[in-house]
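The following exercises are to be worked with the sequence and the coordinates at hand. Each task is followed by a solution in steps.

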Amino acid sequence: MFTGKAVKLFVTVAVFCFVILYILQQSLTYHRVSLFLQDPSKKPSRVRNHLKLQNAKLQDESGTLGSNTATGILGASNGLELQTPPVSSGETTSNPNNLGKQQTASPPALEKRPRLPKALIIGFSKCGTAALRTFLTIHPDVVSPIPEVRYFTLYFSNGPEWYRKQMPPSTKDQLTIEKTPAYIMTNDSLRHIKKFNPKIKLIVIVRDPIVRLQSQYAHEFVHTDPSRRPPFKRWWNEKPDDRRIIHFSYYARYIRQVYTMFPKNQVLVLSEDDMERNPLPVLREAEKFLELRPAYSDDMFVFNETKGFHCFNTQSELFPRVLTLVQVKNTTGCLGGNKGREHPEIGDSYLQHLVEVIRPLNEELFQLIGKRFQWDNFEPEPSTENTVSQNTNGTAN
Ligand SMILES: Nc1ncnc2c1ncn2[C@@H]1O[C@H](COP(=O)(O)OS(=O)(=O)O)[C@@H](OP(=O)(O)O)[C@H]1O
């Protein structure tokens with residue numbers, strides 16, 4: 001009996017204590033949340049860290065950059081930091097990680113969601129478009145989808161909402177860039193682009209046309225046993241109507257079409273050969289054209305002798321962040337194996353023939369775009385010797 005009473009008393013006291021503790025805990029949480037709302041510094045540490053990141057981004061966006069600001073170069077602690085996976089969004093996004101999750105609202109400046117591109121890399125294939133896209137993607141103010149979306153060539157009827165959903169999330173201050181080199185090849189896709197956004201910025205990258213042909217050949221026969229590949233000369237001559245010359249070497253023809261639809265100042269023409277030699281000046285030109293903050297520095301890239309072009313510098317302190325942003329090999333910092341293929345040999349006399357056929361097309365291009373590129377297969381003319389990417393009026397870019 002006594003034991004039974006004691007147990008009853010013990011249970012009552014325990015329940016009472018539990019209730020008191022529960023009420024206390026609830027009011028403490030409420031208190032913490034109120035403080036949180038009044039003063040973010042009182043947030044629990046996990047949230048506080050997250051907020052710190054967001055504040056850093058906000059400061060960054062308002063021009064208060066990190067320690068490298070004086071040199072005009074963003075460091076890992078600010079610039080590259082900004083392209084972390086989406087932190088919050090006012091709506092459900094197309095990012096597979098967010099699918100189906102309705103996320104809570106956040107300040108508009110921080111809100112990450114897929115946004116339509118305001119710049120496009122529209123051509124040319126085999127001219128370093130993937131490298132240019134990749135280099136631009138590490139800029140803190142740029143996002144870009146990895147696959148070619150081909151909206152303006154194949155999927156225009158799907159509508160802009162479909163296109164938007166193919167884009168990675170970005171804040172409103174970031175620039176979304178999409179690259180599909182086939183866009184420049186048809187008037188229909190250029191018309192679609194104009195209809196989509198007549199103010200869009202367009203980047204075109206060209207390459208020594210003979211090297212581009214070699215690259216195209218290597219691409220077409222990548223799965224063909226070398227002993228069964230046609231000689232380069234026969235492949236090039238296969239089409240008697242010179243279609244290959246027009247298709248792969250006559251850049252001016254396509255760029256002229258772009259100029260008929262868009263003002264010249266909305267179109268930037270770069271050279272793959274310049275980017276191979278040194279990506280920095282090319283990226284700075286792109287940055288200026290896209291009205292981005294200066295974010296690139298020399299130590300980000302190194303020349304890879306085997307590949308024959310520049311890759312990300314694996315020794316740079318930024319490299320771990322680069323690996324989270326783009327798909328490059330962690331051992332070399334280079335884009336995958338389908339870049340930097342071996343090119344077919346061209347005999348001297350045939351090479352000379354190609355140079356003669358293509359040189360006038362290059363001159364037409366340089367006149368059209370108002371600058372010249374230095375291409376190894378085309379000896380510089382006497383008046384243009386020692387000039388890299390010069391304006392045709394003689395002023396260096
Ligand atoms: N930095 C860097 N990284 C990787 N690749 C580089 C780079 N610079 C130039 N290139 C050259 O780009 C060529 C491929 O061009 P694209 O990316 O436009 O090809 S594609 O049309 O998308 O298939 C590819 O040509 P090939 O060497 O003939 O395969 C590369 O050599």
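**Exercise 1. Burial in one helix**

Which residues of H3 are buried?

Solution. The model examined here is a predicted one. Helix H3 spans 129–137. A residue counts as buried if 20 or more other C-beta atoms lie within 10 Å of its own. By that criterion the buried residues of H3 are Thr129, Ala130, Ala131, Leu132, Arg133, Thr134, Phe135, Leu136 and Thr137. The helix is thus mostly covered, with nine of its nine residues buried. For the chain, which has 397 residues, the buried share is 31%.

**Exercise 2. The ligand shell**

Determine how many residues surround the ligand, which of them are closest, and which elements each supply at least two residues of the shell.

Solution. Step one is the count: 19 residues surround the ligand. Step two is proximity: Ser125, Thr129, Ala130, Ala131 and Ser215 are the closest. Of these, Thr129, Ala130 and Ala131 also appear among the buried residues of H3. Step three assigns elements: H3, helix H7 (209–220), helix H11 (272–277) and strand S9 (309–312) each supply at least two residues of the shell. Step four sorts the shell by class, giving eight nonpolar, six polar and five charged residues.

**Exercise 3. Two helix crossings that share H10**

Characterise the crossing of H10 with H14, then that of H6 with H10, by angle, handedness and contacting residues.

Solution, first pair. The axes of H10 (residues 251–261) and H14 (residues 348–369) come within 8 Å and cross at roughly 25 degrees. Since angles under 35 degrees count as roughly parallel, H10 is roughly parallel to H14. Their crossing is left-handed. From H10, Tyr251, Ala252, Ile255 and Arg256 meet Leu361, Glu364, Leu365, Leu368 and Ile369 of H14. By class, this contact has seven nonpolar residues, no polar ones and two charged ones.

Solution, second pair. The axes of H6 (residues 187–196) and H10 come within 10 Å, crossing at roughly 30 degrees. This angle makes H6 roughly parallel to H10. The crossing of H6 with H10 is right-handed. Asn187, Leu190 and Lys194 of H6 meet Gln257, Val258 and Met261 of H10. The residues in this contact divide into three nonpolar, two polar and one charged.

**Exercise 4. Two loop residues**

Locate phenylalanine 262 and asparagine 313, and state their exposure and their contacts beyond four places in sequence.

Solution, phenylalanine 262. This residue lies in the loop between H10 and strand S7 (267–271). Phenylalanine 262 counts as partly exposed because it has 18 C-beta neighbours inside 10 Å. Apart from neighbours within four places in sequence, phenylalanine 262 contacts Lys194, Leu202 and Val267. Lys194 also belongs to the contact of H6 with H10. As a check on distance, phenylalanine 262 and threonine 314 are 52 residues apart along the chain, and their C-alpha atoms are separated by 39 Å.

Solution, asparagine 313. This residue is placed in the loop between S9 and helix H13 (319–325). With 18 other C-beta atoms within 10 Å, asparagine 313 is likewise partly exposed. Beyond four places in sequence, asparagine 313 is in contact with Asp299, Met300, Phe301, Val302, Phe319 and Gly333. Asparagine 313 and threonine 332 are 19 residues apart in sequence, with a C-alpha to C-alpha distance of 7.9 Å.

**Exercise 5. Backbone geometry in loops**

Where is a cis peptide bond found, and what are the phi values of arginine 150 and glutamate 291?

Solution. The cis bond joins glycine 123 and phenylalanine 124, with omega about -5 degrees. Phenylalanine 124 is in the loop between strand S2 (119–123) and H3.

Arginine 150, which is not a glycine, has a positive phi of about 60 degrees. Its place is in the loop between strand S3 (142–143) and helix H4 (151–155). Having 15 other C-beta atoms within 10 Å, arginine 150 is partly exposed.

Glutamate 291 has a positive phi near 55 degrees and lies in the loop between helix H12 (279–289) and strand S8 (301–304). Glutamate 291 counts as exposed because it has 10 C-beta neighbours inside 10 Å, and the limit for that class is 12 or fewer.

Note on methods
Residues numbered from 1 in each chain as written. Predicted model: local features only at pLDDT ≥ 70, side-chain atom pairs only at ≥ 80, totals over all residues. Near = placed C-beta within 6 Å. Nonpolar A, V, L, I, M, F, W, Y, C, P; charged D, E, K, R; others polar. Axes fitted to C-alpha atoms, helices over the stretch in contact; angles between N-to-C directions. Parallel < 35°, antiparallel > 145°, perpendicular 65-115°, else oblique. Left-handed = near helix turned anticlockwise from the far one by under 90°. Contact = placed C-beta atoms within 7 Å.
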